[in-house]
Amino acid sequence: MSTRSVIVAGFAAILLLMVAVDALGRRGAGPAGASLGAALTAALRTHGGRALVFGVWLWLGWHFLAR
């Protein structure tokens, strides 16, 4: 198995985990009972949260669009 395959599988696993957590949050069974959208909205209310979301957005954009 090549390194690229491992990385793609890892990102796919993370994406599936995010979808599962969001589905549980929408059903009210998650840790806080909130969807990912509600968690993102809460994070964007603070300056530190905005900086963190912006950093993650930059990192994802760099890794997926820099080629």
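In which helix does R50 lie? Select R50 and you will find yourself in helix 3, residues 47-65, helices here being DSSP runs of H or I of at least four residues, numbered from the N terminus. The model is a predicted one, in which local features need pLDDT of at least 70 and side-chain atom pairs count only at pLDDT 80 or more, while totals for chains, interfaces and linings use all residues. Residues are numbered from 1 along each chain as its sequence is written, and side-chain values use heavy atoms, with hydrogens and water left out.

**R50 and the start of helix 3**

With R50 still selected, colour by accessibility: the residue is partly exposed because its relative accessible area is 40%, which falls between the limits of under 20% for buried and over 50% for exposed (1.4 Å probe, protein chains only). Show next A43, L44 and R45, which R50 contacts when its neighbours within four places in sequence are left aside, contact meaning heavy atoms within 4.5 Å. A polar atom of the R50 side chain lies 2.8 Å from the backbone oxygen of L44. A distance drawn between the C-alpha atoms of R50 and L40, 10 residues apart along the chain, should read 9.3 Å.

Move then to T46, where, at the start of helix 3, a side-chain oxygen reaches to within 3.0 Å of the backbone nitrogen of G49. The end C-alpha atoms of helix 3 are 26 Å apart, which agrees with the 27 Å that its 19 residues should span at 1.5 Å a residue, the expected span being 1.5 Å times one less than the number of residues.

**Helix 1 and D22**

Select residues 3-27 for helix 1, whose 25 residues should span 36 Å and whose end C-alpha atoms are indeed 36 Å apart. After this helix comes G28, with a positive phi near 85 degrees. Within helix 1, pick D22, which is buried because its relative accessible area is 15%; beyond its neighbours within four places in sequence, D22 is in contact with S35, L36 and G37.

**The largest pocket**

Finally, select I14, M18, L36, V56 and L60, which of the 15 lining residues lie nearest the centre of the largest pocket. Helix 1, helix 2 (36-43) and helix 3 each give two or more residues to this lining, and helix 3 gives the most, with seven.

Terms used: A polar contact is a pair of N or O atoms within 3.5 Å; within protein, one must be able to donate a hydrogen and the other to accept it, and residues adjacent in sequence count only if both atoms are side-chain atoms. On a 1 Å grid over the protein atoms alone, a cavity is a set of points where a 1.4 Å probe fits but cannot get out, and a pocket is an open set with protein on both sides within 12 Å along at least five of seven lines; lining residues have an atom within 4 Å of a point.
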